[in-house]
Amino acid sequence: MKTPRAWHVRLRELPMMYGSRQRPPLKRPVWIIALVSMVCMFLIATYVYPIRHSAVAACNFLSSRGCSNYVDILSTPSRALTDDEIYSKVVIKEVLKSPLQSKNPKIAFLFLTPGTLPFERLWHKFFEGHEDRFSVYVHASREKPWHVSPYFIGRDIRSDKVVWGKISMVDAERRLLANALRDPDNQHFVLLSDSCVPLHDFDYVYNYLMFPNVSFIDCFTDPGPLGNGRYSDNMLPEVEIKHFRKGSQWFTMKRQHAIIVMADSLYYTKFRLYCKPGMEHGKNCYADEHYLPTYFHIIDPGGIANWSVTHVDWSEGKWHPKSYRAQDVIYELLQKITSIDESLHVTSDEKKTVMLYPCMWNGQRRPCYLFARKFYPETLDRLLHIFSNYTMV
């Protein structure tokens, strides 16, 4: 049986420097000065000579606070801000620059489901042995779930009806975040559906999410009818079409960003009123695909990764992504998904432009995905077998 593999920072992997007793004492300051000078030159070059697409990777390597300052310098408002925008920017700036620390940092797993979770037994195996590093919250919109794992018992929150494509989907996400934020140890938040499964062991996922100072929120520009074609001028002046973005709703989010989402009423209201099915001229806008990508593109673009760590296959070109049956679930499928190291977006205009960007994690190219969907309940036994015999790497 092969053992699970997970990567993490080890002390022996860090470069160690020892002083030599034979080295003249006057040389040591010279080396220190040279090292500090090189670091300073690198930081100055990052800010003075930025490459547009590399800016995200550079910001991820630094910090969200550094990225916020970088964005503030470059994005001088082209118009006078409204009072609400000024109030919002003040709150956001204060939250982003305030360090949030915990002696026992945890990941909050937020399950958005209509009822019982079909993969609860699989998630139990994933969580087992890591009880002090995670918490679970379940929002069941249709019926009370039946739980088989002690990690899920008593973790249901007050829920409400969720209608696909409407603002109620965003409301459910915010409701989950609000409950999870009550625990100060929850430092990162993962939104999952009832059809989601883990692709790696817990240690791998924990390190991947907790070490970089970034939220994994999908965000890209789609000039086509299923992107900017959904925009409404009623969102002006706060939301201009040049800032309108699209992305998968399945996010992971650091605590500062979760607080900002809960504090937002200005941009949320714009999407609640003007991004919904049956808009003017037959437009159908879906807030769960546009609110968070647009919001974070406006308020902290350097603080998000621009891709989701939850894999979904849209290659069939249908309105819904590919779903996996029991016969589809083999080791090679999961190996293929976990080997993907580029994020893929395709525009909805006539050009069907394909955009491929490397998934950069702390300045290094890494596999993109930690979770995957859409799996039918019938795949549970196969997934349990694979997960038990070889942690999906």
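In this predicted model, strands β3 and β6 (residues 252-254) run antiparallel and are joined by three bridges. One point of contact between the two is easy to find by eye: His 188 has Lys 254 in β6 as its bridge partner. Strand β3 also pairs with β1, this time in the parallel sense and over seven bridges. Here Lys 106 is matched with Asn 186 of β3. The pairings of β3 thus offer both of the arrangements in question, parallel with β1 and antiparallel with β6. In general, the strands of a sheet pair through backbone hydrogen bonds, in either a parallel or an antiparallel sense. Strand β3 is mostly covered, with eight of its eight residues buried.

A further open sheet is built from three strands in the order β4-β13-β8, and its pairing is mixed. Strands β4 (197-198) and β8 (310-311) form the edges, each pairing on one side only. Between β8 and β13 the pairing is parallel and extends over two bridges. A helpful landmark for this part of the sheet is His 311, which stands opposite Ala 372 in β13.

Attention now turns to the nonpolar cores. The largest of them has 49 residues, and Phe 109, Trp 123 and Phe 127 are those with the most contacts inside it. Both strands and helices contribute: β1 (106-113), β2 (134-140), β3 (186-193) and β13 (371-372) each supply at least two residues, as do α5 (120-127), α7 (202-210), α11 (331-338) and α12 (380-389). The largest share of this core comes from α7, which gives seven residues. The surroundings of Phe 127 are worth a closer look. Leaving aside residues up to four places away in sequence, Phe 127 touches Phe 109, Phe 134, Val 136, Tyr 151, Phe 152 and Phe 202. Apart from this core lies another, of 45 residues, including Val 95, Leu 110, Ala 172 and Ala 287. As a general point, nonpolar side chains tend to be buried together in soluble globular proteins.

The structure also holds two cavities of 30 Å³ or more. The largest has a volume of about 40 Å³, and its lining is made up of Ile 217, Asp 218, Ser 248, Gln 249, Phe 251, Asp 288, Leu 292 and Pro 293. Two elements, β5 (215-218) and α10 (287-299), give two or more residues to this lining. The largest share, three residues, comes from α10. By class, four of the lining residues of the largest cavity are nonpolar, two are polar and two are charged.

The second largest cavity encloses about 30 Å³ of space. Val 170, Glu 173, Arg 174, Leu 177, Phe 251, Val 261, Tyr 291 and Leu 292 line this second cavity. Elements giving two or more residues here are α6 (167-181) and α10, and α6 gives the most, with four residues. The lining of the second largest cavity divides into six nonpolar and two charged residues, with no polar ones. Readers following both cavities in the structure will meet Phe 251 and Leu 292 in each of the two linings. Helix α10 likewise gives two or more residues to the lining of the largest cavity and to that of the second largest.

How values were computed
Residues numbered from 1 in each chain as written. Predicted model: local features only at pLDDT ≥ 70, side-chain atom pairs only at ≥ 80, totals over all residues. Heavy atoms only, no water. 1 Å grid on protein atoms, 1.4 Å probe; cavity = no way out; pocket = protein on both sides within 12 Å on 5 of 7 lines; lining within 4 Å. Points joined across faces, edges and corners; volume = space filled by probe spheres on them. Nonpolar A, V, L, I, M, F, W, Y, C, P; charged D, E, K, R; others polar. Core = buried A, V, L, I, M, F, W, Y, C linked by side-chain atoms within 4.5 Å. Buried < 20%, exposed > 50% of the residue type's maximum accessible area, 1.4 Å probe, protein only. Contact = heavy atoms within 4.5 Å. Pairing = 2+ DSSP bridges.
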